[in-house]
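Here are my notes for you, written as numbered points. Keep the structure open while you read and look up each place as it comes along.

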Amino acid sequence: MKVHWFAEASYPHLPPNFRETGLSSWVTTPAHLHDPYEVGEMCRMFIRLMQQADREGFDGLAVNEHHQTPFAVTPSPNLLAATLATTTEKAALLIIGDSLALYNPPMRVAEEMAWLDCLSNGRVIAGFVFGTPMDSLYCYGVPPLELRERFHEARDLITRAWSEPEPFAFNGKYTKLRYVNLWPRPLQPRMPMWVPGSGSVETWDLALDNDYCYGHLSFSGLHSAKPLVDAFWDYVDEKGIEANPYRMAFTQLICCAETDAEAEAKYAEAVKYFYRNRYVHPGFESVPGYRTAKSMQSMAQHAQQTTSKLSPEDKARAGRGEMGFWEYDKHGFIVAGSPETVRQRLEELAKDLKIGQLIGCLHMGNLAEEVAVENTHLLGTRVIPKLKHLWTEFEDRWTPTPPARGVRASATPALVRNRELARA
Amino acid sequence: MQIVLETIGTTPVRSWTGGQGAPLFYLHGFEQHPGAASFLRRLTEDRAVRAPEHPGFGRSGGFEALVDISDLVLHYRAVIEAAAAQHGSVDLVGHSLGGMFAAEIAAFCPDLVRKLVLVAPYGLWLDEAPLPDPFAITLPELTKAKWSDPEAWTAREPNGFAAGDAPSYDAYRQQNLGAATKYMWPIPDRGLARRLPRVRAQTLIIYGADDRLVPPVYADAFSRLLPNARSVILPRCGHLPMIEAEDAFLAEVRSFLG
């Protein structure tokens, strides 16, 4: 199994009564609530933690894109990835992902990811996301009914720009380019590609039809995820595709300490901070036209199954930061405890959900750096080594295979394509 | 009134129709078609009223083929053409988003439009009077912004929803609002200000004094840009003057249309 290091880069100094003010934590959060100096401090901390994760055996470093929110101060995942590309050595740069509809022209994504792949010596995982309604529709103003079309057009352009050997013309509805001829090309012959989703069948099709890794990226834990993840694997079977655990990623908040009691003492406040300050004004959470009718139907159906193990009241309480530490743990919002407890729980989770790519959230809310350092260290040295054996019978085609030195010249897309043609 | 489902070109269009006389087209607002609302029925007393549902709303199709405002205008040109051919031109009454559409049609197709009535129209943006975001505000906030007397009217607003339109009224509403975002997201300005000076039709602009979705200050902005317009602000009504101040609304419209 692969374990990737991740954190929502949450701004840690919101006032204690932020939730009670009723202010939205996205889109319209008053800017006077943050101090740019502190943003610099926190970003440097996240970079240090990811450098540590690289040294201590994590398989990937996940970076993401959000806008106008203290929940995740990461407007450009590519900038963060660039910082990591030259200061880390082994871990994949898991960009999960660029919000394709927000780049104009989307060539920007093709160029930057390719450039990052060169800079990092072939370590990029290319994640494509629609973006949350808050990010893509409200902060960046994309019309809800155009979002999906813009995303797919951009994806088509980007993947072609990476692989077409000759310059080509692209006459899209939203992007028109007479000359597409990407410089530089990615170092990897085919960058691994990932898409996250929230349970819509359309996104399952997208992932499965294009051999992308599908990410179920929620912070609501096992009980909320189980029906959706099971439905995904049923769908994989229905389509007659190999149920390879590596084609699915899952996020999990992890709170590891030497003992269970220590875990509670060190993480309880940060976990509450994380959930409590994620309140989004309901008007910004969705918008007419954002979800397809088919997807709303399927989500409603799964929501019903979820309530059997996690009542809507409990879910709401969790979202308000009102659950006890071990209650969060019981429902799977967090996996907490000693390295052995955490190992056991993660192994069960991975087997239960058939997950090959675990995205561990090793920092949350306003956690102190030294606790995140310990968390990362315990995971890297005492948990991950004992999870490596999982799923070894499957091939992982969704993380980079470091190219051997000196093959760069022969790995140009034109030659790769010629080889493919020759094989066919 | 009668409900007519017809195909114009390849596009299904549902309309509420009734009455005889000179043709009057009514274009509805961003939330929904008002159905056979009282003000529409009364307009049929001396006019041949036709109130089509916009593409993507209720049972009208053709939404997928629309890319921008020119496609929308061409759609309505096809809807209006037959009546205009018979009578020379038609009167257009447009409310809210339908007001924006009516103004666009009058700018693009001055030959088709005799007189134009814009009721609480969207389509312009004033930095000094930013409009609330009708898609993000909560339903109670929307209700407060749209009515002068929310308690009296919220439960009584007429609409064109009929069994079979969608699984539920809520789904019908979501569908309508989704279609409205095409022209109103994230700011309901598609360049109408550039085109308003091309409108030749005599124009009446009506705003509700208590409209907090598109406040009456927008009446001045429309008046300034339209070559031949006057505006009237009706008291004791919000974004739907034809519902909340039906008599005053009809009196203004009838006296203007003649």
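What radius of gyration would a compact globule with 424 residues have, and what does chain A have? The rule gives a value near 22 Å, and chain A comes in at 21 Å, so chain A agrees with a compact globule. One thing to keep in mind throughout: this is a predicted model.

1. **Chain A as a whole.** Let's stay with chain A for a moment. Its C-alpha trace spans about 60 × 50 × 45 Å along the principal axes. You can pick out 16 helices and 11 strands in chain A. Of its 424 residues, 58% are buried. If you take the contacts between residues at least 6 apart in sequence, 77% of them join residues at least 24 apart. On the outside, chain A exposes about 17,400 Å², with carbon and sulfur atoms supplying 54% of that.

2. **Chain B as a whole.** Now the same tour for chain B. With 258 residues, a compact globule would have a radius of gyration near 18 Å; chain B has 17 Å, so this chain agrees with the rule too. The C-alpha trace of chain B spans about 45 × 45 × 35 Å, and the chain holds 10 helices and 8 strands. Buried residues account for 58% of chain B. Among its contacts between residues at least 6 apart in sequence, 75% link residues at least 24 apart. Chain B exposes about 10,100 Å², and 51% of this comes from carbon and sulfur atoms.

3. **What the record says about chain B.** An unreviewed UniProt entry places the feature "domain: AB hydrolase-1" at residues 26-251 of chain B. In the model, that span is 39% helix and 15% strand, and its end C-alpha atoms lie 16 Å apart.

4. **A strand to look at: E5(B).** Is strand E5 of chain B, residues 90-95, mostly covered or mostly open? Mostly covered: 6 of its 6 residues are buried. In a regular strand, side chains alternate between the two faces of the sheet. Try that here: B:Val90, B:Leu92 and B:Gly94 sit on one side, B:Asp91, B:Val93 and B:His95 on the other, and both groups are buried.

5. **The neighbours of E5(B).** Which strands does E5(B) pair with? Strand E3 of chain B (residues 23-27) pairs with E5(B) in the parallel sense over 4 bridges, and B:Tyr26 has B:Val93 as its bridge partner there. Strand E6 of chain B (residues 113-119) also pairs with E5(B) in the parallel sense, over 5 bridges. In that pairing, B:His95 is matched with B:Val119. Follow the chain from E5(B) through helix H3 (residues 97-108) to E6(B), and you have traced a right-handed β-α-β unit.

6. **Some unusual backbone angles.** Most residues other than glycine have a negative phi, and most peptide bonds are trans. B:Ala120 is not a glycine, yet its phi is positive, at about 45 degrees. You'll find B:Ala120 in the loop between E6 and helix H4 (139-146) of chain B, and it is buried, with a relative accessible area of 0%. A:Trp391 has a positive phi as well, near 65 degrees. A:Trp391 belongs to the loop between helices H15 (369-387) and H16 (413-423) of chain A. Its relative accessibility is 11%, and buried means under 20%, so A:Trp391 counts as buried.

7. **Cis peptide bonds in chain A.** The bond from A:Ile96 to A:Gly97 is cis, with omega near -5 degrees; A:Gly97 is part of strand E3 (residues 92-99) of chain A. A cis bond also joins A:Trp183 to A:Pro184, with omega at about -10 degrees. A:Pro184 sits in the loop between strands E6 (176-180) and E7 (193-197) of chain A.

8. **One buried residue, one exposed.** Is A:Asn277 buried or exposed? It is buried, at 4% relative accessible area. A:Asn277 lies in the loop between helices H9 (260-276) and H10 (282-285) of chain A. Leaving out residues up to four places away in sequence, A:Asn277 touches A:Leu14, A:Phe18, A:Arg19 and A:Ser25. For contrast, look at B:Ala82 in helix H2 (residues 69-87) of chain B: its relative accessibility is 58%, and the cut-off for exposed is over 50%, so B:Ala82 counts as exposed.

Note on methods
Residues numbered from 1 in each chain as written. Chains lettered and ligands numbered in written order. Predicted model: local features only at pLDDT ≥ 70, side-chain atom pairs only at ≥ 80, totals over all residues. Heavy atoms only, no water. Buried < 20%, exposed > 50% of the residue type's maximum accessible area, 1.4 Å probe, protein only. Helix = DSSP H or I, 4+ residues; strand = E, 2+ residues; numbered from the N terminus. Pairing = 2+ DSSP bridges. Right-handed = clockwise from strand over helix to strand, strands pointing away. Rg over C-alpha atoms; globule rule 2.2 N^0.38 Å. Contact = heavy atoms within 4.5 Å. Areas by Shrake-Rupley, 256 points an atom, 1.4 Å probe, with all protein chains shown as cover. UniProt positions renumbered as here; feature names shortened; annotations may be inferred.
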